[in-house]
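Subject: Structure for you to look at

Hello,

Here is the structure I said I would pass on. Please open it next to this email and follow along.

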Amino acid sequence: QVQLVESGGGLVQAGGSLRLSCAASGSISSINAMGWHRQAPGKQRELVALITSGGNTNYADSVKGRFTISRANARNTVSLQMNSLKPEDTAVYYCDADVMLTRGGHMHYWGQGTQVTVSS
């Protein structure tokens, strides 16, 4: 069993910053890619950013230059620093991870989500 727990969401004014964090725990041997997705009301869930175990990153065009993803492999954590936030960044943000399990094999896990609201 693996759990992903997010923290750091909230309400911020446009132009402000928030930092999201996600900690993975449980029967983890190692973690491949970790990432953040978001889902706004009435829209599909979309990739925001991901980072591989080697530190390679990928960002949605809409957040490039404003968001930064980072991870601490030893602690199985991933963070998302969000700067210059816009009202269109309002969504529920989900952490996800591709986990290699101690019993063998791998599975993809999601966190429960954290609300980010950006007011204009």
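Below is what was found in it, one topic at a time. Please keep in mind that this is a predicted model.

The core

The largest nonpolar core has 33 residues. Within this core, W36, L80, M82 and Y93 touch the most other members. Two or more core residues come from each of β1 (2–7), β3 (18–26), β4 (28–39), β5 (46–51), β7 (67–72), β8 (77–82), β9 (91–101) and β11 (114–119). Strand β9 gives the largest share, six residues.

Y93 is a good place to begin looking. Leaving out residues up to four places away in sequence, Y93 touches E6, L20, W36, H37, R38, V48, F67, L80, M82, G113, T114 and V116. Three of the names given above for the core, W36, L80 and M82, are among these contacts. A72 makes a useful reference point for distance: the C-alpha atoms of A72 and Y93 are 19 Å apart in space, and the two residues are 21 apart in sequence. A72 is part of strand β7. Is A72 buried or exposed? Its relative accessibility is 17%, so A72 counts as buried.

The disulfide

How many disulfides does the structure hold? There is one. The bond runs between C22 and C95, with an S to S distance of 2.1 Å. The link is left-handed, with -75° about the S-S bond. Because C22 lies in strand β3 and C95 in strand β9, the pair ties together parts that are 73 residues apart in sequence. Both cysteines, C22 and C95, are buried.

Rings and charges

A search of the whole structure for aromatic pairs finds zero. Rings do appear in another kind of arrangement, and R45 is the residue to select here. The charged end of R45 sits over the ring of Y94, 3.7 Å from the ring centre. R45 also lies over the face of W110, and the distance to that ring centre is 4.7 Å.

Two hairpins

Strands β7 and β8 are antiparallel and pair over six bridges. One example of a partner pair is T68 with Q81 in β8. The two strands form a hairpin with four residues between them. N76 is in the turn of this hairpin, that is, in the loop between β7 and β8. The phi of N76 is positive, about 55°, although N76 is not a glycine.

Strand β9 is joined by five bridges to β10 (residues 106–110), and these strands also run antiparallel. Here V99 has M107 in β10 as its bridge partner. The hairpin of β9 and β10 has four residues between the strands, and G104 in it takes a positive phi near 105°.

One more loop residue

Which residue in the loop between β8 and β9 should you check? S84 is in that loop. Its phi is positive, near 50°, and S84 is a residue other than glycine. S84 has a relative accessible area of 40%, so it is partly exposed.

If you want an order for going through the model, start with Y93 and its contacts, which include L20 and V48. Then find the disulfide of C22 and C95, and after that R45 over the ring of Y94. The turn with N76 can come last.

Regards

Technical notes: Residues numbered from 1 in each chain as written. Predicted model: local features only at pLDDT ≥ 70, side-chain atom pairs only at ≥ 80, totals over all residues. Heavy atoms only, no water. Core = buried A, V, L, I, M, F, W, Y, C linked by side-chain atoms within 4.5 Å. Buried < 20%, exposed > 50% of the residue type's maximum accessible area, 1.4 Å probe, protein only. Contact = heavy atoms within 4.5 Å. Phe/Tyr/Trp six-rings, centres within 6.5 Å; stacked < 30°, edge-to-face > 60°. Lys NZ or Arg CZ within 6 Å of the ring centre and 35° of its normal. Disulfide = S-S within 2.5 Å. Pairing = 2+ DSSP bridges.
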